[in-house]
Amino acid sequence: MSEPTGAARRRGPFKVGDQVQLTDPKGRHYTITLEEGKSFHTHKGAFPHDELIGAPEGSVVRTTGNVAYLALRPLLPDYVLSMPRGAAVVYPKDAGQVLAMADIFPGARVVEAGVGSGSLSTFLLRAIGDQGMLHSYERRADFAEIAQQNVERYFGGPHPAWTLTVGDLQDNLSDTEVDRVILDMLAPWECLEAVSKALVPGGILCAYVATTTQMARMVESIREFGTFNEPQAWETMVRNWHIEGLAVRPDHRMIGHTGFLLTARRLAEGVEPPLRRRRPAKGAYGEDYTGPGSQSGGRAS
């Protein structure tokens, strides 16, 4: 039985061509690609790559200035935060939420729109495996080229489950029987008709948006479209902790708002979503509301 794509690059002694993350005594990271005969240089000395080639992961090397560096393979979160960018990347905290809350499973058939620099594509491909399918759509050819290079660099070559198309999803989507759709774009509500046709009953639509205005419009558009259940929207924030003896406190910095996520599930064909029992707040759809479903002077009752 052959190993999954990229698995051989994640274990065993360091080899020529491996990416290695070096950590100095102050916790700073440096990523290198191992080459025979080359050296890593800093203002505190250097050491040859040959010292790491063939060494086990977790080794410590010292520069000519006697500074120790811990050598490990970069984790996927490390990789996506340091890879070349065209567009902003989906942060690992959000990618993890997508994998969990959109229930990405091995063998899943997934459609993604808005590839950016390939961060989320890499997470999705590792989750679905070689037997799954990921069809990614990106409007900008320059972003698609950067994403393809980043994904192939991580897996060591083309991934058998990945297809990348340059163009708009709503104009090019031909996939059917899709399990999950992930939208990371400016106006995801424009894709609802195409997505609704592609998803299987019970399939999940997951959208990643940057602003409250986008989030609100997407939620109201899903409600109005009528082929999905009640959408759920949220954001996540991550705060590390400093722990040293009796000094246990939150770090001074945290990863705060990066984006909003929302999910909704495709209903069976011809089924209308049940009416919500929760009454909207007074004034939620007042005269100033001009979003989906509104008519002149407020939302239709």
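Start with the largest pocket, which has a lining of 33 residues; Gly114, Glu138, Asp184, Met185 and Leu186 are the ones that lie nearest its centre. Please keep in mind that this is a predicted model. The protein is assigned two stretches as domains, domain 1 (16-73) and domain 2 (76-264), and the points below take you through the pocket, the cavity and the domains.

**The largest pocket**

- The space in the largest pocket comes to about 710 Å³.
- Sorted by class, the pocket lining has 17 nonpolar, 9 polar and 7 charged residues.
- Several elements contribute at least two lining residues each: the strands β7 (109-113), β8 (133-138) and β11 (199-209), together with the helices α3 (119-128) and α5 (169-172).

**The cavity**

- If you look for enclosed space, you will find 1 cavity of 30 Å³ or more in the structure.
- The volume of the largest cavity is about 110 Å³.
- Around the largest cavity sit Arg9, Arg10, Asp18, Gln19, Arg73, Pro74, Tyr79, Arg153 and Tyr154.
- Of these lining residues, 5 are charged, 3 are nonpolar and 1 is polar.

**The two domains**

- Domain 1 covers residues 16-73, and domain 2 covers residues 76-264.
- Measuring from centre to centre over C-alpha atoms, domain 1 and domain 2 are 33 Å apart.
- Both domains take part in the lining of the largest cavity, with at least three residues coming from each.

Methods
Residues numbered from 1 in each chain as written. Predicted model: local features only at pLDDT ≥ 70, side-chain atom pairs only at ≥ 80, totals over all residues. Heavy atoms only, no water. Domains from an automatic or database assignment. 1 Å grid on protein atoms, 1.4 Å probe; cavity = no way out; pocket = protein on both sides within 12 Å on 5 of 7 lines; lining within 4 Å. Points joined across faces, edges and corners; volume = space filled by probe spheres on them. Nonpolar A, V, L, I, M, F, W, Y, C, P; charged D, E, K, R; others polar. Helix = DSSP H or I, 4+ residues; strand = E, 2+ residues; numbered from the N terminus.
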